[in-house]
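Student: Please take me through this model chain by chain, with the criteria behind each statement.

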Amino acid sequence: MTAETPATVRSASKGPWVRAWGRFSSNGAALAGLAILVPILVLVISYPLWWPYSPNDIDLRALNQAPGPVHWLGTDGVGRDILARLMQGGRISLTVAVVSVAISIVIGFLVGAIASFGGKVVDNGVMRLVDLAMTLPPVIFLLVLASIAGTGVAPTIVVISLLSWPVLSRMVRARLLELRERDFVVAARGMGASLPHLLFRHGLPNSIDILVVYATLQIANAILLEAGLSFLGLGIAPPEASWGNMLNAARSTVVLEQYVWQWMFPGGALVLTVLAINFLGDGLRDAFDPRSDLN
Amino acid sequence: MVLALSVLVFILLRLAPGDPIDAYVNPASPLSPDAMQALRDRLGLDAPLPVQYFGWLRAAVTGDLGFSIQRVGVPVLPLVLERIGPTLLLMAAGLAIAIVVGITAGIISAVRRNSPTDIGFSVLAFVGISSPAFLTALLGLYFFSVQLRWAPSGGMLTPGAGFSLGDLLAHLVLPACLLSIGHAALIMRYMRASLLEVLNQDYVRTARAKGVREFFVIVKHAVRNALLPVITLIGSTIGIAVGGAIFIESVFNWPGMGLLLVNAVETRDYPVIMGATLVIGATVIVVNLLTDITYAAVDPRIQVA
Amino acid sequence: MTLKTTTRSLALAALLGATALTLPALAQDPSTITGGFDVGPGGFQGNFNPLAATSGLTWLSVYYEPLVIYNAELTQLEGALASEWSMSEDQREITFTLVEETWHDGEAFTSADVKFTLELAKNAAAGSVFAARLGAITSVDTPDDRTVVVKLSNPDTGLLSTLAQVMILPQHALKDIAPEELATSTWWATTPIGTGPYKFTQYVTDQYVELAADEDYRNGRPLTDRLINRYFDNSAAAVAALRAGEIDFTYVEPDDAATLADNADYRVIEGASFVVNYVGFNHMVGLWDDVRVRKAFMHAIDRQAIIESLYGGAAEAANCGYVADQLVPADIDQYEYDPDKARALLAEAGWSEINGDKPITWLTYYNTPLAANVMAAVQAMLSQVGINVVPRVVDTPTYNGIVYKEGTPDWNEFPLVYAGLQNGPNPAGINVGLNESQLPPNGANIMRVQNRMLSAAFDAALGETDPVAAEARWQDVCRVMNAELPWATMWVANRYGVASNDLVDFVWTPAPAGGPFASHPEKWSKSE
C-alpha cells in the first residue's frame, strides 16, 4: 500500500539516496509520522484476522451503543461495529487515495514528460491544457465531476485522479526541461535514442524524487478530498464504509452530542493519518533537498 | 481561457446523468406526462445541446447568462453577481485572519526556533492542515452556536431585521475564523521557513554584526524579504480557499458562490453552473494577476509582463 | 499591500451587501415568528408559483388560499375561500358560495378570480402541474360575484382534493401576463398578492421569505406582525438553528424528534406521512417473475424489528399499499418475519438458478441517515436468506433520469428500488405507480407492473362514485396487492415537526406535499 516506505526508497540507487535516508532518519517529525502510519496500516490491513465483527453486520438490538467490552469503539445507528467500520473505512479511504494518486502520477509524469520532450508546439498546447485545468478551483471541479461520475469507489478514484495531475505535470516538465539541455541527454538524443528510452531511462530516474514527495503529500490531500466528497454525499455511498461518510453522521446534532464515538473515531483516524502522512512527506521533501544539509 | 473553460464545463455537464426536469419531480408524488411536458417547455429544455451552448455563448458575450432553471424566471448574471460579494467578504475576512495569525505565529516560531512555543505552533499548524474543513466547521457550529449561543448558526444577516454592520459581523466571525484555520496553518509554516532562510543570509548577519538591535533586524530586514514567497503562496491558494469556502458556506448556509454552486449541481441547473463556474474561473484569474502585481510592488526586481 | 487589497475588497463587499439588503428602519420591534416552513419532504424552497407547487403548500397557503381545504387532521374538507359548496345529484356540477374578502392590494375578491384561476390551472401551457388532474372540468360559470359553478364531463372523486391544492390567484394582477410567460414571471417572488392572513413583503434569495400581517383579514387581524420562513440546506442545519434559538419551528428527522421530545422547551408534533415505502421489483428484469421470490422478500425482512428499533416504533407495517383501517381487509396475509420460510420459498422457486448470490443493485433516492440505516438493515436481512442486494443512493434527478429514461431504460440499473408513493388521504394516490395504464411515459408505473387483476381492481375503485362502495373497492385493491406483491410493501412511517413551546395555537402536520391544511396562521402567536 505504500510505495514510499524507506525500504524501497533505499534500494532504488545509492549515493544521493543514502544521504537522503540519512537526512530523513534524523528528522524527528518524519519518523513520528512513520511511527503513526505503520501501525495504522498494519491494523487496517489485518483487522479481519483479529476482530470478530465485520463492517456490515447489523445488530438491531445493539443500536448506538457506547464503547464497551463487546464493541470496543461502540456501534452505529444500525448496530454495526464502529471498530470494524473504522478499519474497513480505512481500507477504502486509503485505497482510494493511493490508487488515485498512483493514476495521477502516471498521467502527470507522462504529460510533463511529453511536454518537455515533445517540442515547442506540443509543449505549448499541453501547458495551456494544464493551465486550464488549474484555473478551476479544485473542489468546484470536483463537484462538477462527481455529479457526473456518480458515487462509489471507482468514480471517486477517477474524479480525484483527474484532479491531481496538473500540478505534478508542471513540476516534472520544469525538471525535465532543465535535464534536456544536460550533456548526457543531448548525447543520447544525438545517438538517436527513442522517446520512451529518453523518458524511462533518463527522465524517470531524474524526477523520481519529485514523484515520491508529491505522491506522499498528495495522498494526504486525496484522503481529505475523499472525505469532503463523501461528506457532500458525492463520494463513497453507504453502506460501504469510508472515513468521510462515517463523518457525515456528525451532521446530525443528535449524533454529534450523544453518539460522540460515531464521529470522533473516524475523525481522529482521519486527522491522525493525514497528519502522519504530512509529517512523512515533509521529511521526504527535506531529505531530497540537498540544501537542507546546510541548516 | 475563460471561453475554453466554458466549453469544458459544458461538455462535462452534457455527460451528467439526469435531466434538469427530473429535479422537479418528487418520486413520491409524480407528475402526469402533460405536466412534465409543460414544465419542459417552460424551462426550454428541448433545444439540441449545441444550440443551447451557442445560444448561451452568444448571449454571454453581451453579459446575458440566461435564466436559472431552478429559480424560474431569475436571470443568472445578477444571481451570480449578488453571490460574489458575500463570498469575497467571507474569503477576505478568512484570509485576513489567516494572514495576521499565520504571519505572527510564523515570525514567533522562526525567532524562537526549537523552543516549546515553536514546536507547539508547528504541531498546531500540522493539525490545522490535516483537518477537513467540514469537520472543524461542524464542531465550531455546534460549540459556538448551539451550545454557547455566541454566534448565529447560519446566514449572513438576521432575517427581517434590516441591515446593520454589527449583525453582519456577528454572522461573519465564526465562519471566517473556521475558514482561516487551514490557511493560517499553511502561511505560518511558509513564513517560518522563509524567515529562517532569510535570517541565515549574509546581509542579516551583517546587520547583526553592525550591532543593529535584534528587533529591528527582524522587522526591517528579514520580515520584508521573507514575505515574498508567502505572498506567492497566498495567491496560489486562492483556488483552494474557494474550495474550503464551499464547505463553510454549506455548513453555515452562507449565501455565497459555493452554496449557489452546490445547489445548482444538485438540481442540474446548467445555466447557473455554467455562469458560476465562469465567474469563479474569471475571479481566480484576476486574483492571480493581482498577486503578481502585489509581488512586483514588494519586489522591485520583478516586472509585470 | 496584500492587506490593503484585502481591506478594500472587504469594504466593497460590505457595501454590496448593504445596498442589496437595506430595509427601512422600523420604529418598534414587530412581533415575529420565524420557522423553517419549507424544510423536509413537504417543503419546496424557492418555489413561489402555486401552479407549479408539487409541494411546499403549507407555506404558500399562508398568503394564498384555495376554495376548500383539508382540516389539520387531513380527514375532511372544510371551506376556505368558499364558505360552502354542494355537489349535484349526478356528480357533474359543483356550486361554490364564496366568502367576502379583499386581495392584499385592496381589490375585492370575486368569482371572476376563481374562474380565471381554474382556467389557468387547467392550462398546461401556463406551467400548471394541476392541468391533467383538472381535466374533467368542462366549464366554470359565474352567475354572480359570490357564486361559482364548476361543470364536469364525468364524475371525478378526486376533484375536490385537487381543488384543495389550487391557490386562487388575482385576475386583476395577472390578466396582462400571457399564460406562457406566467411561469417565468418575476411577479411571484417580488410583488405577489393573495387573500391569506399574511401578505408578502420580500424574498431575500436563498435566505428567507418575509410576510406581514394583513390588517383586514376576514377572520381577524393576525396576532403576530410578521412571519419569516428561513431556508436551510438540510434538516440538520435547521435543527441547529432551532436549538440556537433562532427559529421557532422546523420539520425534523425522527432521531432529532426523539431527542427533542425530552426537552421542555420544545413540542414535538407527530403525524402520518401518507407515504408508503416499498421495495419495488422491476418486472422487466426477469428476476422476480415467480411470486414465491417476492413472498420470500416479505418473510425475510423483519419489518417489526426495523420499525421498533430504527423508527422508534413510529411506523406501521404495510401488507399492501395501505395501512388505514377502512382500506385494509382483516384477512390478508400478514407476512410474519420467518427467514426459514423465505429460504424454503426461494428454494422452491429455484432462486439459485434464477440469480443465486450475484449482487443485485438496489436503487434509491432517499439520502437521509435513517434511510441509509434502514437499507443497511434490510441488506443484512436479505443476505441471511441468500439474496445479495447492494444499495445505491443517487440524487433525485439521477433517480428520475434512470427510471423514466425515454425509449428503453437499462433495466439492470434498477432491478430493485427503495422508494415511496403517496397513499393518502385519497387512496387513489398509488394508482399512478401500479396500474398498467400508467406505464411511463403515461404515468409513474416505474417498476412496469403489468398485472391485469390489479389494474382491474384499480379501475373499479376509481370508477366508484358511492363513498361506501368505494371503500370496499379499495379493499379489493389491497387484497390483490397483498396476494400478488407487485412491490414488497414495507411500512408507512410518521414524520415530525418541532415547535418552540413559546408558540401559542400553532398548527402543523406533516401533510404530503405540505398539504395544504387549515393551519389558521392568523391565530399563531408567540409568548415572550
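The exchange below covers confidence, chain dimensions, the nonpolar core and selected strands and helices.

Tutor: This is a predicted model, in which local features need pLDDT of at least 70 and side-chain atom pairs count only at pLDDT 80 or more, while totals for chains, interfaces and linings use all residues. Residues are numbered from 1 along each chain as its sequence is written, and chains are lettered from A and ligands numbered from 1 in the order in which they are written.

Student: Which residues of chain C have a pLDDT under 50?

Tutor: pLDDT is the predictor's confidence in each residue, from 0 to 100. Chain C averages 88, and 95% of its residues score at least 70. Where pLDDT is low, the predicted coordinates should not be read in detail. In chain C, the stretch under 50 is residues 1-27.

Student: What is the radius of gyration of chain C?

Tutor: Chain C contains 18 helices and 19 strands, taken as DSSP runs numbered from the N terminus (helices H or I, at least four residues; strands E, at least two). The radius of gyration is taken over C-alpha atoms, and the globule rule is 2.2 Å times the number of residues to the power 0.38. For 528 residues the rule gives 24 Å, and chain C comes close to this, so it is as compact as a globular protein of that length, with a radius of gyration of 25 Å.

Student: What percentage of the residues in chain A is buried?

Tutor: Chain A has 12 helices and 0 strands, and its C-alpha atoms fill a box of roughly 75 × 45 × 35 Å along the principal axes. A residue is buried if 20 or more other C-beta atoms lie within 10 Å of its own, exposed if 12 or fewer, and partly exposed in between, with C-beta atoms placed from the backbone. Of the 295 residues in chain A, the buried share is 51%.

Student: Which helix gives the largest share of the largest nonpolar core?

Tutor: A nonpolar core is a set of buried Ala, Val, Leu, Ile, Met, Phe, Trp, Tyr and Cys residues joined through C-beta atoms within 7 Å. The largest one holds 329 residues, and I187(B) and L261(B) are among those that touch the most other members. With 18 residues, the largest share comes from helix 7 (residues 165-199) of chain B.

Student: How many residues of helix 11 of chain B are buried?

Tutor: Helix 11 spans residues 257-266 of chain B and is mostly covered. Its buried residues include M257(B), L261(B) and N263(B). The helix is followed by R268(B), whose phi is positive, near 55 degrees. Of the 10 residues in helix 11 of chain B, the number buried is 9.

Student: Which are the edge strands of the sheet with the order 4-5-7-6 in chain C?

Tutor: This open sheet of 4 strands has antiparallel pairing, where two strands pair if DSSP finds at least two bridges between them. Within it, 5 bridges join strand 5 (residues 93-98) to strand 7 (residues 147-152) of chain C, and E93(C) stands opposite K151(C). Each edge strand pairs on one side only; these are strand 4 (82-87) and strand 6 (137-144) of chain C.

Student: Which residue of strand 15 of chain C stands opposite T364(C)?

Tutor: Strand 14 (residues 360-364) and strand 15 of chain C pair in the parallel sense over 5 bridges. Strand 15 (residues 389-393) is mostly covered, with 4 of its 5 residues buried. Opposite T364(C) stands V393(C).

Methods:
Contact = placed C-beta atoms within 7 Å.
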